[in-house]
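Ready for some practice with a protein model? Take a look at the structure first, then work through the exercises below.

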Amino acid sequence: MRDTLAFSLFSVLNSKEIPRFAKFLKSGYFNRRADVLNLLYFFIDESKNEFEQLTRENAWSRLFPDQPYDRVQFNYTINFFCERLEQFLACEELLADPFQNHLLRCRAFRRRGLLTHFDTNARALARDHAADPHRNAGWWLFEYQLQNEIFARQAMQRRGGGANLAQTTEALANFFLLENMRWSATATAQASLSRATQAPVPLAAEAIRIAAETPATGNPALALVHAGLQALANPDDESYFTRLKLLLRQHVNLFPPAEARDLYMAAINFAIRRHNRGDRTFTREAFDLYREAFDKGVLSENGQLPQYTFINILNLAQLLGEHAWSRTFLEEGRTLLPPAERENTYRYGLAGYHFRRSEYEPVLSLLREVDFSDVFIQLDARKMLLRSYYELGEWPALASLLDSFKAFLRRHKALGYHRDSYLNLLKFTQKLMKTIGKRPAARKRLAAQIQAAEAVAEREWLVGKC
């Protein structure tokens with residue numbers, strides 16, 4: 001039964017939701033089938049034994065003990081179970097959103113002619129919604145929905161429609177502009193990462209024009225999102241980065257944590273790209289932005305710090321020589337990592353710590369114990385191995401790594417400028433090996449080639465070895 005939708009849906013329920021779903025199924029309003037409730041109990045009992053006896057036949061004997069197995073009838077039960085569980089999840093989402101719940105009540109009052117009751121509740125809802133500090137696209141969408149209900153209610157007694165037409169259309173326009181800008185930023189980020197043709201966002205050009213012409217004082221949230229988009233689209237223009245940082249520090253609280261994280265990442269990615277080009281002033285910029293976002297609590301997802309964020313902060317700290325801080329963060333921050341990735345990520349971070357302190361032997365032993373599916377972490381691990389082998393004079397191992405690394409990059413053609421940077425690292429490392437024992441002039445020529453190349457991973461290290 002592990003291949004059924006019923007089991008997949010049950011598996012996503014947490015320990016608090018399972019008894020709530022049982023109450024849901026016991027309610028005659030939502031469910032009148034005893035077999036559906038008993039199927040839930042079967043899943044619950046099997047979960048205690050790690051689902052060792054989870055078969056259709058065992059489930060059937062639990063639901064219909066005196067009847068021979070009937071595949072069609074059992075599938076009916078499965079389908080009913082799935083429908084009820086999907087309905088339960090929808091109810092949970094509604095109950096978790098007090099604003100949307102209240103809005104639907106107001107709609108019900110209006111449709112049933114309970115206009116006095118509607119007016120009282122709509123006023124209270126408008127007051128509570130206005131008190132929400134956020135002004136992101138989601139806030140304006142709800143404002144539009146609420147003003148639309150008020151307009152429809154007023155139209156019932158006012159010739160020509162409601163008196164809040166301006167508020168309704170303003171909310172609609174702000175929602176569209178902010179959401180259009182957000183998707184334009186997403187399309188720009190994806191295109192820069194993969195070098196694919198940017199997916200068109202309808203009406204984006206007009207939305208961007210309006211955002212550019214709107215003073216920050218008139219709509220600071222729109223100004224901030226626009227600055228983020230421009231920083232992503234113009235990685236060579238520092239003025240956009242400067243404006244984005246200023247608006248971030250002034251207005252990021254207008255956005256919920258997930259969207260605030262995206263805005264910080266726009267600034268961080270600008271700094272990282274400049275760092276990758278060899279501009280070390282942006283190494284500090286990226287690290288400071290990460291720390292700022294971390295201190296604001298916007299980097300966490302579901303209460304945990306994503307693996308790649310943890311690693312990026314560590315790498316930047318170590319590049320800047322913040323070894324004491326990075327070791328403290330490594331030890332204390334590991335508790336914030338998702339449990340399934342915690343030890344693997346910790347060992348990888350510890351390898352990076354030793355690597356930045358030029359302690360190469362521990363790097364080799366630690367990296368033998370880690371295994372990552374994330375392509376960017378694999379790139380970084382290979383880079384650390386490359387430098388460690390070179391520094392330790394492990395030439396056969398280095399030659400083998402260069403071959404396997406090149407094959408890895410050939411397989412991952414969607415890495416954009418990262419791929420070019422690492423291909424240049426491999427090319428120049430091979431040239432560097434050939435200059436060992438040669439005259440200084442040969443090394444100087446190689447250093448000049450490395451400096452002139454547009455994108456080179458570990459450029460400073462390569463030049464330092466020439």
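**Exercise 1.** How many salt bridges does the structure hold?

*Solution.* Start with what you're looking at: a predicted model, where local features need pLDDT of at least 70, side-chain atom pairs count only at pLDDT 80 or more, and totals for chains, interfaces and linings use all residues. Residues are numbered from 1 along each chain as its sequence is written, and side-chain values use heavy atoms, leaving out hydrogens and water. Next, the rule: a salt bridge is a side-chain nitrogen of Lys or Arg within 4 Å of a carboxyl oxygen of Asp or Glu. With that rule, the structure holds 29 salt bridges.

**Exercise 2.** Find the partner of Arg 153 and say where each residue sits.

*Solution.* Step one: Arg 153 pairs with Asp 119, with the closest N and O atoms 2.6 Å apart. Step two: Arg 153 lies in helix H8 (residues 137–155) and Asp 119 in helix H7 (residues 115–131), so the pair links distant parts of the chain, 34 residues apart. Helices here are DSSP runs (H or I, at least four residues), numbered from the N terminus. Step three: Arg 153 is buried at 9% relative accessibility, while Asp 119 is partly exposed at 21%. (Buried means under 20% relative accessible area, exposed over 50%, partly exposed in between, with a 1.4 Å probe and protein chains only.)

**Exercise 3.** Are Asp 380 and Lys 383 buried or exposed?

*Solution.* First, the two form a salt bridge, closest N and O atoms 2.7 Å apart. They're three residues apart in helix H19 (residues 375–392), which means about one helical turn separates them. Finally, both are buried.

Key. Helix = DSSP H or I, 4+ residues; strand = E, 2+ residues; numbered from the N terminus.
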